[in-house]
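User: I should like to go through the reasoning behind the labels attached to this model. Please set each value against its criterion and then conclude.

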Amino acid sequence: MNLTEALLHALKERGAKEVYGIPGDFALPYFKIIESTGILPLVTLSHEPAVGFAADASARFRGGLGVAAVTYGAGALNMVNAIAQAYAEKSPVVVISGAPGTHEGGHGLLLHHQAKHLDSQYRMYKEVTCDQAVLDDPATAPETIARVLQSCIEHSRPVYLEIPRDLPAAPCAPVPAFAASGTDADAVDACARDVLQRVQSAALPMMMVGVEVRRYGIEDKVALLAERLGVPVVTSFMGRGLLASASCLEGTYLGMAGDETLSEAVESSDGLLLLGVIMSDTNFGVSGSQLDRRRVMHAEDRQVRVGYHVYHDIPLGALVDRLLALLDDGQEADMALSGCGGSSDDRALQGAGLAVNPRGFMADAADITPTDIAALLNDFFASHGAMPVASDIGDCLFTMLSVDAIPMVAPGYYASMGFGVPAGMGLQITTKERSLILVGDGAFQMTGMELGNCTRLGIDPIVLVFNNSSWEMLHVFQPETAYSNLGEWDFAAVADGLGGRGHRAATRAELARALTQAHAERGRFQLIDARLAPHSLSPTLARFVEGVRRFSSGQ
Ligand SMILES: Cc1ncc(Cc2c([C@H](C)O)sc(CCOP(=O)(O)OP(=O)(O)O)c2C)c(N)n1
Ligand SMILES: [Mg+2]
């Protein structure tokens with residue numbers, strides 16, 4: 001076995017399904033082994049940001065490792081933003097980069113693709129990964145790879161591996177099997193009892209679930225815990241879609257941009273249990289009031305903050321398991337309040353945040369608004385079933401908050417544009433199910449050309465472009481400027497040129513017809529260019545903008 005094969009087998013054993021990548025001369029030796037061995041399928045794309053976005057989306061959706069393979073310098077540095085997003089949003093992506101050979105740096109010449117120093121790239125990736133290594137010694141490579149991949153899995157963050165180009169075929173022992181880090185059972189038990197006691201003694205306990213619940217594959221256990229605790233549950237903005245079937249689910253917390261009753265219940269709770277929630281401005285930025293730390297229990301990043309106490313090295317899964325075990329032991333049995341409504345005071349919450357999403361799309365000659373698209377998608381999913389969904393940022397993502405909870409990936413916190421199209425392509429590749437991509441016209445201009453790879457890759461996603469000819473999210477905050485106007489782009493014609501089928505829709509009737517036709521045709525990607533009414537916003541974005549304005553003016 002050689003070093004590259006050892007790495008590929010280790011990735012596959014740990015759940016990776018494919019390698020996304022773009023080679024270069026520093027990467028040719030290891031790419032050749034990826035292709036010739038077929039241990040993992042190689043999926044090449046056209047621009048490295050897309051490689052990072054596709055690997056990230058595959059990892060998030062499956063709850064397993066994503067793999068992004070690039071060349072040194074121009075390739076790897078082109079992908080830094082996508083990996084920064086994966087880091088911020090806790091997506092377990094393994095970055096593999098080619099590099100100059102172990103003896104190439106000593107001739108006193110600057111090497112092509114070199115930025116400042118030969119290790120500048122390594123240092124830049126240290127800022128957006130949780131572990132890193134240069135595999136420059138085949139003797140230690142197996143243990144090093146095992147350590148780095150363990151960090152990726154246990155911290156659910158990207159990692160970085162660099163392979164000098166003279167070593168990919170070097171003989172190498174297999175990588176040791178994954179062995180989870182041990183946890184201190186007593187510490188987990190003490191933490192769980194502390195949390196239970198606080199939840200039980202609260203008059204208005206609530207639970208909020210976030211992205212780590214999906215990253216660590218414990219959604220079912222958390223849904224069971226919510227049922228057993230009998231407390232109302234909300235998702236964070238980024239956690240949208242979690243616990244979709246749990247009877248305790250009340251909706252998505254959006255602060256001043258969301259349902260007032262639900263926001264008030266979260267912000268006034270005297271026992272708020274946050275499981276796997278990233279404490280970011282997009283999750284809490286437009287909160288009506290700052291959360292009272294004394295009344296919050298926050299489990300994230302292998303730490304649990306209970307008031308001002310901190311329990312260290314407590315994996316989220318271990319905490320949830322212990323909480324369930326304590327409840328099974330009959331302890332705190334009385335804390336399982338009747339039903340999911342918690343105390344009688346919470347009954348007002350019953351479904352408050354589950355605002356009925358728009359349905360009954362009207363296929364007439366009226367202009368198209370984001371709310372119309374939400375209604376059309378709710379009708380469509382109700383009759384055809386859910387599809388894997390990838391959304392870019394922009395109003396398409398806010399519109400998704402009015403679509404019934406379905407499995408989706410979107411960069412709700414780091415919010416890099418360009419994610420949607422490559423992410424949706426990655427979803428179909430990794431799930432083998434046709435995906436739906438929601439993307440604004442501005443974001444489509446960044447990575448939409450990747451669709452030209454669909455025919456070669458054998459995928460046929462449906463792409464819905466929210467075409468308002470504008471960077472509208474910026475325009476709503478700064479209406480007095482003109483630079484957000486993007487002018488007229490004919491995205492349907494672009495689709496035809498890239499091997500797909502373009503559909504142009506300027507009315508609701510044309511939109512309904514386009515979606516029906518797109519769904520009916522398989523074997524080529526479909527692009528629906530939905531021409532939106534000028535400056536039309538989704539209700540959620542409108543409330544978000546109003547919330548930010550009130551928040552920043554101190555109202
Ligand atoms: C890579 C990248 N560049 C710039 C931005 C800033 C930015 C936004 C965020 C706030 O930072 S929202 C936005 C406009 C998005 O336009 P479009 O995709 O057409 O969507 P919509 O018209 O629905 O707004 C930009 C440029 C970004 N988020 N990501
Ligand atoms: Mg736009």
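Analyst: UniProt annotations may be inferred rather than shown by experiment, and their positions are given here in the numbering of this chain. With that reservation, an unreviewed UniProt entry assigns "domain: Thiamine pyrophosphate enzyme N-terminal TPP-binding" to residues 1–112. The model itself is predicted. In it, residues 1–112 are 45% helix and 16% strand, and the C-alpha atoms at the two ends lie 31 Å apart.

User: Which residues does UniProt list for "domain: Thiamine pyrophosphate enzyme TPP-binding"?

Analyst: The record, again an unreviewed entry, lists residues 409–529. That span is 40% helix and 17% strand, with its end C-alpha atoms 21 Å apart.

User: Which residues of helix H5 are called buried, and what covers them?

Analyst: Within H5, residues 80–88, the buried residues are Ala82, Ile83, Ala84, Gln85, Ala86 and Ala88. The label buried requires a relative accessible area under 20%. The cover over these residues includes helix H3 (48–62), strand E4 (93–99) and helix H6 (120–126). After H5 comes Lys90, which has a positive phi near 60°.

User: How do you know how many disulfides the structure has?

Analyst: A disulfide is called when two cysteine sulfur atoms lie within 2.5 Å. Searching the whole structure on that basis gives zero disulfides. For Cys130, the closest cysteine sulfur belongs to Cys152 and is 6.1 Å away, so the pair is too far apart for a bond. For Cys454, the closest is the sulfur of Cys396, at 18 Å, which is likewise too far for a bond.

User: Why is Cys130 called partly exposed, and what label does Cys454 receive?

Analyst: Partly exposed applies between the limits of 20% and 50% relative accessible area. Cys130 has 28% relative accessibility and therefore counts as partly exposed. Cys454, with a relative accessible area of 1%, is buried.

User: What makes Val356 exposed, and where is Val356 placed?

Analyst: The exposed label requires a relative accessible area over 50%. Val356 has 80%, so it is exposed. Val356 sits in the loop between helix H13 (316–328) and helix H14 (370–384). Its C-alpha atom is 8.3 Å from that of Ser402, a residue 46 positions away along the chain.

User: Why is Arg501 called partly exposed, and which residues does Arg501 touch?

Analyst: The relative accessibility of Arg501 is 33%, and the residue therefore counts as partly exposed. Arg501 belongs to strand E18, residues 501–505. A contact needs heavy atoms within 4.5 Å. Leaving aside residues up to four places away in sequence, Arg501 touches Ala495, Asp496, Glu521, Arg524, Phe525, Gln526 and Leu527. Ala518, 17 residues from Arg501 in sequence, has its C-alpha atom 7.9 Å from that of Arg501.

User: What makes phi worth noting in Asp301 and Ser469?

Analyst: Most residues other than glycine have a negative phi. Asp301 is not a glycine, yet its phi is positive, near 55°. Ser469, also not a glycine, has a positive phi of about 50°. Asp301 lies in the loop between strand E11 (296–300) and strand E12 (303–306), whereas Ser469 is in the loop between strand E17 (462–467) and H19. With a relative accessible area of 31%, Asp301 is partly exposed; Ser469, at 15%, is buried.

User: How do you know which residues come nearest to ligand 1, and what polar contacts support its placement among Ala443, Asn468 and Glu472?

Analyst: A residue enters the shell when one of its heavy atoms lies within 4 Å. Of the 17 residues around ligand 1, the nearest are Asp395, Ala415, Asp441, Gly442 and Met473. A polar contact is a pair of N or O atoms within 3.5 Å. An oxygen atom of ligand 1 is 2.9 Å from a backbone N or O atom of Ala443. For the side chain of Asn468, an N or O atom lies 2.9 Å from an oxygen atom of the ligand. A polar backbone atom of Glu472 is 3.0 Å from an oxygen atom of ligand 1. On its own, ligand 1 has 640 Å² of accessible area, of which the protein covers 76%. Helix H17 (441–447) and helix H19 (472–477) are the elements that give two or more residues to the shell, and H17 gives the most, with four residues.

Key: Residues numbered from 1 in each chain as written. Chains lettered and ligands numbered in written order. Predicted model: local features only at pLDDT ≥ 70, side-chain atom pairs only at ≥ 80, totals over all residues. Heavy atoms only, no water. Buried < 20%, exposed > 50% of the residue type's maximum accessible area, 1.4 Å probe, protein only. Polar contact = N/O pair within 3.5 Å; in protein donor to acceptor, adjacent residues only side chain to side chain. Areas by Shrake-Rupley, 256 points an atom, 1.4 Å probe, with all protein chains shown as cover.
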